[in-house]
Amino acid sequence: DVVAAYTLAAQGGVGAALEGSVATVDVAPSVKASITGGSIFALGDVDLQGMSDDALSAESLGVTLAGGLSAGVSDATATLGTRVSAVLDIPVTSTNNLVAGSLEVEALLSPEANTADNIPSALDILPPGSGAAVSATAGGASGAVLLGANAAAATATNDSSASALIEEGYIQLAIHPLPNSRTSSGALTVLAQDTTDQYAKADGL
């Protein structure tokens, strides 16, 4: 997912200018990959993977060209709270089981999680210069005297998480190589990976 917000406030003239510019992006997507119940018999590998490739950009710019006093404030806030999970849950019974060459249960959270599959990264889709998975940029420029303690404020928050879990299951993995297996036979991988990148910049002139 890619979300971008851009705001521009400009004020010209003689006298007092009170224009402000606010850009806010708050996104909390959820991705879950799961196998629940039943039986699985595979000659090769079983891969269970939850993946999210998210990027946010908030940019706020305030420009004042007044001949008097200026109190405009630029405020950019970007908040990301992605939840990615991969869950294998096959209740143990006389008929429920999983038989395969290898098993991978993975939850991947990264701004470039899809690049291995030749899918463009979310960062490639954002406006040039955004640079990070969560980016907030605020700028305030004035040709007059500035009133107020903050000309610009930028906040970038990433509260995302990834979890991979085998809750229950009878799992039998091959000891000898199978013809359709890409990995070493008998390999079991449970991986949760959360890679974040945040950037915030505020300039007031």
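This passage describes the fold, one open sheet and the nonpolar cores of a predicted model.

At the level of the whole chain, the secondary structure comes to 1 helix and 18 strands. The chain has 205 residues, and 37% of them are buried. Its accessible surface is about 10,500 Å², and carbon and sulfur atoms account for 53% of that area. Contacts reach far along the sequence: among those with a separation of 6 or more, 83% link residues that are 24 or more positions apart.

A good place to start looking is the open sheet of 3 strands, arranged in the order β3-β9-β15 with parallel pairing. Strands β3 (30-36) and β15 (161-168) form its edges, each of them pairing on one side only. From one strand to the next, the twist averages 5 degrees. Strand β9, which spans residues 83-89, runs parallel to β15 and is joined to it by 7 bridges. One pair to pick out on the screen is Val87 with its bridge partner in β15, Leu165.

Strand β9 also holds Ser85. With a relative accessible area of 16%, Ser85 counts as buried because this value falls under the 20% cut-off. Beyond residues up to four places away in sequence, Ser85 touches Val31, Lys32, Ala33, Gly50, Ala107 and Ser163. Of these contacts, Val31, Lys32 and Ala33 fall within the range of edge strand β3 (30-36), while Ser163 lies within that of the other edge strand, β15 (161-168).

Attention now turns to the nonpolar side chains. In soluble globular proteins, such side chains tend to be buried together. In this model, the largest nonpolar core has 16 residues, and the members that touch the most others are Ile35, Leu48, Leu88, Leu98, Leu103 and Val105. Two or more residues of this core come from each of β3, β5 (45-52), β9, β10 (98-100) and β11 (102-109). The most generous contributor is β11, which gives 4 residues.

Val105 offers a helpful view of these surroundings. Setting aside neighbours within four places in sequence, Val105 is in contact with Leu48, Ala86, Leu88, Ala164, Leu165, Ile166, Thr189, Val190 and Leu191. Leu165, one of these contacts, is also the residue of β15 that is the bridge partner of Val87. Apart from the largest core lies another, made up of 11 residues and including Ala23, Ala76, Ala136 and Ala152.

Notes: Residues numbered from 1 in each chain as written. Predicted model: local features only at pLDDT ≥ 70, side-chain atom pairs only at ≥ 80, totals over all residues. Heavy atoms only, no water. Pairing = 2+ DSSP bridges. Axes fitted to C-alpha atoms, helices over the stretch in contact; angles between N-to-C directions. Buried < 20%, exposed > 50% of the residue type's maximum accessible area, 1.4 Å probe, protein only. Contact = heavy atoms within 4.5 Å. Areas by Shrake-Rupley, 256 points an atom, 1.4 Å probe, with all protein chains shown as cover. Core = buried A, V, L, I, M, F, W, Y, C linked by side-chain atoms within 4.5 Å.
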